[in-house]
Amino acid sequence: MLRVEGIHTYYGESHALQGVSLEVDAGEVVCLLGRNGAGKSTTLKSVIGLTPPRRGRVVFEDQDITGRPAHWIARRGIALVPEDRRIFPGLTVYENLEVAMNRRPESGQRRWSPERVLEAYPMLAELRNQDGATLSGGQQQMLAIARALVTEPRLLLLDEPNEGLAPVIVQQIGALIDELAATTTMLFTDQSVPFALRHAQRAYILEKGEVAYAGTTAELREHPELQERYLSVA
C-alpha cells in the first residue's frame with residue numbers, strides 16, 4: 001500500500017532524513033520507533049506532504065505522491081493524527097468531526113460519519129456539545145483519531161499517540177488501535193517498545209535519520225540488545 005523509497009528530507013540545511021525506506025502493506029499495523037529527534041515525525045510528515053522530501057519517492061497504492069500538497073494526499077486516502085492533536089478551538093466535539101468529514105469518499109461507501117463515530121465511542125458522545133479545546137489530553141487524542149476517521153482513510157498515520165497521556169488512556173489508545181486494525185492500515189510512531197510489541201506487527205527503528213532496524217515485532221522482542229542499543233531500553 002505504502003512504499004517510502006530512500007527519502008531525504010531537510011529542514012532548511014538540516015538533513016533530517018537520510019535515505020529512509022519502509023513499506024506498509026494493506027491491513028498491516030507498523031510502528032516507527034526511535035529516540036527523540038530520530039526522524040519519526042518527519043517521516044510521517046514527508047508521507048503526508050507537510051515536509052516534502054528533496055530526494056527519493058513516496059508511493060501510495062502504486063501512485064507516486066512525492067511532493068504533492070498535503071490536502072491532495074489526504075483526499076487520496078491518507079490521514080494524519082499529529083502529535084499536538086490540533087483540535088479546532090471554538091468548535092464542539094461534533095463540529096470538529098463534521099468539519100473534517102469527507103463528503104465524497106472514493107469508495108462511494110461511508111464507514112465513518114460523525115454519528116457513527118459517536119455511536120462507536122460513547123465517551124465522545126457524552127462530550128459532543130463541549131468545546132474541543134476544553135477537553136483533557138486523553139479526550140483530545142480520542143477526538144483527533146475520530147476526526148481522522150471521518151475522512152475515510154485507507155492509511156492512518158498516528159504521530160506519538162501516547163505522548164503525555166496517563167497509563168489508563170494509553171491502554172484505551174492501544175485498544176482502539178487493535179479495534180481499527182480489522183479495517184484500517186496504520187503506521188504509528190512511538191518511543192515505547194512494549195506498546196509497539198503489543199499493537200504492531202512490524203517495526204522500524206530510526207537512528208539519526210536512517211533506518212537502523214527493520215523486522216517483525218516478534219523478532220525485536222527476541223533481541224533486547226537492539227532495544228538497548230537504539231532505544232535505551234534494558
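This passage describes the sheet of the structure and the helices that pack around it. The model is predicted, so local features are given only at pLDDT of at least 70 and side-chain atom pairs only at pLDDT 80 or more, while totals for chains, interfaces and linings use all residues. Residues are numbered from 1 along each chain as its sequence is written, and side-chain values use heavy atoms, leaving out hydrogens and water.

An open sheet of 6 strands (E runs of at least two residues in DSSP, numbered from the N terminus) follows the order β6-β7-β8-β3-β9-β10, with mixed pairing; strands pair if DSSP finds at least two bridges between them. At its edges lie β6 (78-81) and β10 (210-216), each paired on one side only. From one strand to the next, the twist averages 15°; angles run from 0 to 180 degrees between N-to-C directions, with axes fitted to C-alpha atoms, for helices over the stretch in contact. Strands β3 (residues 29-33) and β8 (residues 185-190) run parallel and are joined by 5 bridges.

Turning to the helices (H or I runs of at least four residues), α6 (residues 137-149) packs on the sheet, where it touches β6 and β7 (155-158) and makes about 170° with the direction of β6. Contact here means heavy atoms within 4.5 Å. Helix α7 (residues 167-180) lies across β3, β7 and β8, at about 155° to β8.

Helix α3 (residues 93-100) packs with α6 at about 30°, the axes being 8 Å apart. The two are therefore roughly parallel, a term for angles under 35 degrees. V93, N96, L97 and A100 of α3 meet L143, A146 and R147 of α6.

Technical notes:
Parallel < 35°, antiparallel > 145°, perpendicular 65-115°, else oblique.
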